[in-house]
Structures are given as C-alpha cells and as structure tokens.
Amino acid sequence: MDFRFSEEQTMTADVVRELLADVCQPADLRRLMGAGVARDEARWTKIVEMGLAGALVAEDKGGLGLSAIDFVQIAEACGYAGLPEPLVENAGVVLPLLAAFSANGRAAALLESALVGDVTVTVAHPTNPFVADADTAEAVLVVRDGAVHLIETAKAKIVAQPSVDPFRRLFTVEFEPSDATLIAGADEAAGPLAAALDRGALFAAAQMQGIAQRCVDLGVAYAKERQQFGKPIGSYQAVKHHLATAQVKIEFARPVLHAAAAQLENADLYSRARISQAKLACTDASDVAARTSIQVHGAMGYSWEVDVHFFLKRGIALTNWWGGPAFHRERVAARVFARPLGPEHTFAREAEHA
Amino acid sequence: MDLDYTEQQKAFRQEVRSWLEKHVPGKPLPSFDTSREGFEAHRAWERVLADGRWGMVTWPESYGGRGLDLIQWLIFEEEYYRAGAPLRVNQNGIFLLGPTLMEYGTEEQKARFLTAMASGDEIWAQAWSEPQAGSDLAAVRATAILERDEYVLKGHKIWSSRAVFADWAFGLFRTDPASQRHKGLSLIFFPLNAPGVRVQAIPQIDGETGFAEIFLDDVRVPAFNRLGGEGEGWNICMATAGFERGLMLRSPARFQVAARKLVELFKAHEAEVEPTVRAAVLQSWMDAEAYALSIYATASRLAAGGHIGAEASTNKIFWSEMDIAMHKAALSILGARAELLRTAPEAGDIGRWLDGYFFSLAGPIYAGSNEIQRNIIAERMLGLPRA
C-alpha cells in the first residue's frame with residue numbers, strides 16, 4: 001500500500017506542465033480563437049514530438065505502454081492549461097481503443113500513422129451524442145449494433161454542432177456501415193468500448209480537476225492584486241472563505257481521481273464506481289471553482305477580457321462528456337447497493353468477492 | 001502507486017480483527033461524558049486495550065505501543081470501527097498530547113506521562129479555550145508564574161471536553177504576564193484534582209454534560225510539567241492542532257461505518273423517501289470514501305518522510321461538513337420519527353442518528369472553527385494576504 005506517484009510519473013507530468021506553461025497561455029488561446037481554429041499546428045507538433053500520442057498503447061503495438069496512473073497527471077495539466085488540441089481524447093482514449101482492434105489491417109495501418117502523430121483519430125462512442133474533432137481527424141470509430149466500424153472522415157457526412165467552448169469542435173457523423181468498414185464484431189468490441197468509456201470518464205475528470213485548480217489560481221492572483229477599501233480584496237474573509245471552500249473541493253476530488261486511475265485496469269464494479277465517483281467529484285470541484293473565480297473577479301469576472309470563461313466553458317462541456325452526473329451516479333449506486341460497504345472495502349476488487 | 005495491501009498488512013488486519021472479536025464488549029458502554037460509571041467503564045476498556053498492546057499501535061514499544069506505521073494504524077482503526085468498539089475516552093491524550101509529547105517532551109517527561117497515558121491510568125482533557133479566547137486563542141489570559149521550581153496557575157478555562165471526570169489537563173498559559181498575543185505562552189500540565197482546581201460541568205445542547213469550565217486559583221505544579229520551552233506554547237499548540245485536525249482526531253473508518261449504516265437505513269425505508277434522499281445517501285458514501293482515500297494519501301506521504309501542513313485544515317472542514325450531511329440524510333429517511341427519543345414506543349429502528357446529528361453540529365466549531373480553518377487554507381495554502 002503506497003498512495004504516491006513514482007518520481008518518473010511526476011517528472012513526466014512536470015515536463016508536460018512546463019511545455020504547456022510555455023506554449024499554451026491565455027494569450028495563445030486568444031490568438032487561436034481570433035483565427036477561428038481549434039488547433040495550433042506548432043504546439044501540436046511539440047506535443048507529438050514528446051511521443052505522447054502512443055502513451056497508452058502497448059509497447060508491442062508501437063506505443064509507450066503506460067497506464068492510466070501514468071497519464072492522469074498529464075490530463076490534469078491539459079485541463080489546467082485549457083489545451084485545445086485533442087491530446088487527452090486521442091492519446092488517452094481513442095488510440096488505446098484502436099489498438100484493441102489492431103488485428104484488423106486497416107486499424108493497424110491507421111494506428112501506425114496515428115502513433116507517429118501524422119493523423120488523429122476520433123470515436124463516436126455510444127456514451128457521447130457528438131463526435132469531437134471529426135473535422136481534423138483522419139478517421140472515426142463508429143459503433144453500430146455494438147460492432148465497431150472504421151470510417152474515413154472524408155467518406156462520412158459530418159455536421160458541425162458548434163459548442164460554447166471555442167476550442168471544442170463537435171459533430172454528428174452519418175455513415176453507411178458495410179462489411180468493408182467493419183473492424184470488430186459486437187462480442188469483440190464490448191470490452192474495449194467499456195474500457196474507452198472508463199478512460200474517457202477518468203481523463204475528463206482529470207481535466208476538470210486541472211480546470212478547478214486553474215480557476216482558483218486565477219481568483220487568488222486577482223484577489224492579491226485588486227484593491228478595495230484600501231486593501232487587497234484577498235485579505236477579506238468573505239473572499240478568502242469562497243476560495244478556501246473551492247480548494248477543499250479540489251483537495252478531496254484529487255485522491256478519488258488518483259485512486260480511480262490506479263485501479264482503472266481492474267475493470268470491475270468497484271473500479272468503475274470509483275471512476276464515476278471521480279467524475280462526479282471533479283465536476284463538482286470545477287463547477288464550484290469556476291463560479292467562485294467569477295465571483296471573486298467581480299464585474300471583471302463577467303467580462304470577455306478575463307480568462308476565467310475559457311475554463312468555465314470547458315467545465316460545462318466536460319460535465320456531460322463521457323457520461324453526465326446522472327449516468328455516473330447510477331454507476332456508483334450499482335456498487336453501493338449491491339456490494340459490501342465499510343472501511344475494509346476501500347480498495348476492494350471484484351475478484352476477491354467472486 | 002500500489003493500492004493493494006501487502007500480505008503482512010492483510011495478516012495484521014486479521015490479527016486485529018480476531019483480537020477485537022474476542023475482547024470488544026458485547027453491549028455498548030454507557031456514555032463517558034454523563035456519568036462516572038460510564039467514564040470508568042471506558043477507562044477499563046482502555047486498560048484491556050493496553051494489556052493487548054493495542055492502545056496506540058504507532059507508539060514505540062517502550063511506551064506500550066507496537067512501533068507500527070500509519071498505514072497499519074489506519075488498518076487498526078478500520079477494524080476498530082468495524083467491530084463497533086467503544087469510543088476512546090483518552091483521545092485528547094493519545095491522539096493529541098501523545099504525539100506532541102513525543103516530539104517536544106524530554107525523555108523524563110515521556111517516561112512519566114506516556115506510559116500512564118497509554119495504560120488508561122491517566123485520562124486527559126484539553127484546557128486551551130477561555131471565555132475571551134475562543135477562535136482568537138492567542139488572547140489567552142490565564143497565567144502561570146514561575147516561583148522557584150513551581151508554576152502558579154491562575155485563570156479560567158472553558159469548553160474542556162472530558163474535564164468533568166478526567167485526571168489531567170494540558171493547558172495554554174501566559175508565562176510572561178507582560179507578553180502579548182502569541183508570545184510568552186507555554187503549555188503546562190496540571191492534575192484536575194490539585195488544590196485550587198474547580199471543575200464545573202456545562203450542560204450541552206442535548207442537556208447532558210460533556211464539557212466543562214475549569215477555574216484555577218493559585219494551583220501549584222512543578223516546572224517539570226511544562227512541555228517545551230517557556231514561550232514556545234503557541235507553536236507547540238499549533239503542532240498539536242495539526243494532528244488534531246489532520247489525521248488522528250477523526251478516523252475515516254468512523255464515517256465509512258456511518259455511511260454503511262446510512263445505506264442500510266435507506267434500504268429499509270427506500271419506498272417511503274423522496275428521490276433526493278437517495279442522492280444524498282450516495283453522496284455521503286462517496287464523501288466518506290473520498291476522506292478515506294485522502295487520509296491514505298497523506299499517510300503514505302508522511303510515511304515517506306513528509307510533513308502535515310495546511311491540508312490538515314481542509315480535512316477538518318471536509319469531515320465536519322460531511323458528518324452533518326450524513327446525519328441530515330438519516331433524519332430525512334426517519335421522517336416524522338426523527339424527533340422521537342429512543343425511549344418512545346414508536347421509535348423502532350431510529351438508532352442514534354439524532355444524537356449523532358447534534359454532535360455533528362459541534363464539528364465545525366471544536367478543534368478550531370471552520371472559519372479559522374478557511375483562513376488558514378486561504379493564507380497558508382493559497383497565499384492570500386493576512387487581514
């Protein structure tokens with residue numbers, strides 16, 4: 001029992017954090033927004049050069065062979081930076097899913113070019129009503145009657161569904177399934193699709209944890225600067241207590257998120273409930289932190305000029321991405337109402353109770 | 001990160017479990033706050049624990065402990081709450097003063113006080129607050145004046161839990177009468193039966209005794225009873241408070257067991273309650289788990305040589321607010337029966353939820369009010385300026 005990250009895990013996340021602090025500042029976001037695009041090719045190239053695209057793909061399939069616990073802090077850093085590019089979705093969710101079908105020749109070929117960063121891939125997962133980044137993706141994994149099809153986006157009809165988040169590109173995708181597009185039957189696909197949901201929910205939670213901390217940090221920075229009644233507003237208890245309350249939410253979402261990441265691969269009722277708990281806790285933290293930050297900023301918080309709205313909007317988007325609160329609460333309920341409870345079961349696995 | 005228990009940890013859990021199964025009293029003991037009989041029954045239980053060397057498993061063997069690490073302490077606590085074992089009457093001693101003594105005490109002080117604390121022979125109360133020094137603890141007025149090798153204590157302490165029946169108290173006194181605020185304070189121990197000590201019980205919100213005020217009128221104690229240097233009292237108290245808020249005062253297992261009971265209560269009444277209650281029950285379970293996971297993370301960090309900092313304040317806010325929410329959910333499930341005393345013929349399975357609800361309302365107040373904790377978080381974690 002050791003609830004700590006390894007030095008290597010923390011170092012890797014630090015490298016990503018430093019890169020994003022360098023190339024993904026609010027000024028960079030505003031430049032991109034002004035240009036009306038959601039991807040900065042120079043920044044994406046730097047991310048790809050770190051080899052992160054294949055982070056969660058097994059080494060024998062050309063990836064780095066990392067696990068969720070290695071990647072979770074990277075996803076937090078992406079949320080903190082408000083990263084527009086699809087590192088978390090592409091590397092965290094879609095490529096491990098695609099790799100599960102690499103026995104199929106088309107899937108294997110696509111995986112190869114995705115791992116070197118030449119292309120990205122997206123997924124139309126039954127949990128999500130929309131498909132992210134279908135405009136820039138080479139192909140989309142689509143589910144029909146439980147079977148997975150691989151469709152080149154050029155051959156599908158994609159319809160943009162503009163999001164309030166200026167850097168999210170959402171679409172609906174229409175396609176014609178055929179034997180030629182099929183890469184996995186329903187039996188084969190069920191496990192990998194469930195794993196994709198787990199990773200999607202976990203890493204959405206991680207991003208929201210980062211968003212929450214960013215919102216508090218922005219609020220703290222402003223509260224130290226802004227003077228009213230002759231003093232920084234951050235010296236007043238009313239302001240302090242708002243920010244402290246948001247930080248408490250963050251502090252108690254973090255261990256849930258990290259435990260969920262550490263146990264993701266158990267893929268049982270317990271690990272899924274923990275992932276869902278993490279999604280709920282990080283959603284709550286991000287919601288409270290964003291609203292707190294707006295309040296602390298006063299009228300400036302309601303302005304376009306202050307950066308908080310980027311994080312507010314990403315939080316709104318991720319709240320329902322890979323399952324909304326009602327969905328995840330039911331996954332928690334499935335564990336709570338059907339399995340033993342109490343302090344001796346905190347780290348339980350299904351196998352022990354089989 | 002490895003979230004599986006080692007074989008040794010699993011074996012330890014089994015050892016604790018089987019000992020507790022043999023020794024935990026079959027019937028709940030009467031309250032240690034409301035009668036001498038209940039207090040002494042709990043002292044007797046402390047002696048049973050001490051005889052089995054289960055009093056404080058993290059303490060060194062020389063003071064009656066087992067020299068175990070914090071993860072093993074958590075396992076012990078989990079089994080302790082799982083078994084429904086009695087509350088620890090000496091928690092002020094073993095959880096707060098004990099760790100502080102180990103850090104700041106001389107060898108002679110440790111030998112004198114820790115062994116008797118671990119055995120239950122000396123039960124401790126805390127004497128910090130005063131009528132004019134609550135959240136503003138640095139406003140302490142009680143004085144301890146050194147006369148040769150004795151301190152003469154004078155003052156008025158209040159809200160002191162266990163003081164009605166306890167043997168000793170550790171108090172915060174002004175040893176330099178000319179000093180201001182945090183300076184010139186010292187931490188001094190005094191026997192509650194010493195000449196010049198008068199203890200007056202204060203009825204609590206439920207009408208029962210539980211805390212007390214202590215009047216000190218020229219109480220003489222040896223200078224040996226001062227912990228740490230003269231004038232270092234404030235810093236030592238803050239270290240004690242770190243333990244209190246941070247790790248040991250409220251074991252996660254306490255809330256996980258309460259959450260389990262809440263789920264059982266909900267299942268028994270599911271058909272009668274409104275849907276929002278179900279969400280509150282699930283939230284209570286999730287919060288108890290989050291608190292447990294957080295303490296495992298902290299314990300892992302401390303075991304690797306880290307120190308507990310301002311996150312102690314986040315813990316205190318989290319568990320105290322969770323405790324209220326959990327009990328409110330239970331009262332919602334009980335509906336119209338929530339107001340009944342357990343003696344009411346229609347009380348049925350109402351359990352102790354109402355008592356627990358009252359006690360939960362004290363949580364955001366004792367051990368440093370949650371307003372003070374939020375100040376600490378804002379200033380020490382977030383770096384906001386002091387007022």
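**Figure 1. The second largest cavity encloses about 60 Å³ of space.** The model shown here and in the other views is predicted. The lining of the second largest cavity is made up of A:Q263, A:Y270, A:A273, A:R274, A:R335, A:H345, A:T346, A:F347 and A:A348, together with B:W285 and B:E289. Two elements give two or more residues each to this lining: α9 (269–297) of chain A and α8 (275–303) of chain B. The largest share, three residues, comes from α9(A). Sorted by class, the lining of the second largest cavity holds five nonpolar, three polar and three charged residues.

**Figure 2. The largest cavity holds about 200 Å³ of space.** This cavity is lined by 16 residues, of which A:P84, A:E85, A:E89, A:R168 and A:Q207 are the closest to its centre. In chain A, α5 (87–99) and α10 (308–320) each supply at least two residues of the lining of the largest cavity. The element that gives the most to this lining is α5(A), with three residues. By class, nine of the lining residues of the largest cavity are nonpolar, one is polar and six are charged. Over the whole structure, the search finds four cavities of 30 Å³ or more.

**Figure 3. A:Q9 and its contacts in chain A.** A:Q9 is part of helix α1, which spans residues 7–23 of chain A. With a relative accessible area of 10%, A:Q9 counts as buried, because the cut-off for that class is under 20%. Leaving aside residues up to four places away in sequence, A:Q9 touches A:I69, A:D70 and A:Q73. With one of these, A:D70, the contact is also polar: the side chains of A:Q9 and A:D70 make a polar contact at 2.9 Å.

**Figure 4. A:W322, a residue other than glycine with positive phi.** The phi angle of A:W322 is about 60 degrees. A:W322 sits in the loop between α10 and α11 (325–336) of chain A. The relative accessible area of A:W322 is 0%, so this residue is buried.

**Figure 5. B:R162, a residue of chain B with positive phi.** B:R162 is not a glycine, and its phi is near 70 degrees. The loop that contains B:R162 runs between β3 (150–161) and β4 (168–174) of chain B. B:R162 has a relative accessible area of 10% and is therefore buried.

**Figure 6. Residues 196–336 of chain A, a region annotated in UniProt.** The unreviewed UniProt entry gives this region the annotation "domain: Acyl-CoA dehydrogenase/oxidase C-terminal". Over residues 196–336 the chain is 79% helix and 3% strand. The C-alpha atoms at the two ends of the region are 23 Å apart.

**Figure 7. Residues 6–121 of chain B, a region annotated in UniProt.** For this region, the feature given by the unreviewed UniProt entry is "domain: Acyl-CoA dehydrogenase/oxidase N-terminal". Over residues 6–121 of chain B, helix accounts for 62% of the chain and strand for 0%. The end C-alpha atoms of the region lie 35 Å apart.

Notes. Residues are numbered from 1 along each chain as its sequence is written. Chains are lettered from A and ligands numbered from 1 in the order in which they are written. This is a predicted model: local features need pLDDT of at least 70, side-chain atom pairs count only at pLDDT 80 or more; totals for chains, interfaces and linings use all residues. Side-chain values use heavy atoms; hydrogens and water are left out. On a 1 Å grid over the protein atoms alone, a cavity is a set of points where a 1.4 Å probe fits but cannot get out, and a pocket is an open set with protein on both sides within 12 Å along at least five of seven lines; lining residues have an atom within 4 Å of a point. Grid points are joined across faces, edges and corners, and a volume is the space filled by probe spheres set on the points. Helices (H or I, at least four residues) and strands (E, at least two) are DSSP runs, numbered from the N terminus. Ala, Val, Leu, Ile, Met, Phe, Trp, Tyr, Cys and Pro count as nonpolar, Asp, Glu, Lys and Arg as charged, and the others, Gly among them, as polar. Buried means under 20% relative accessible area, exposed over 50%, partly exposed in between (1.4 Å probe, protein chains only). A polar contact is a pair of N or O atoms within 3.5 Å; within protein, one must be able to donate a hydrogen and the other to accept it, and residues adjacent in sequence count only if both atoms are side-chain atoms. Contact means heavy atoms within 4.5 Å. UniProt positions are given in the numbering used here, feature names are shortened, and annotations may be inferred rather than shown by experiment.
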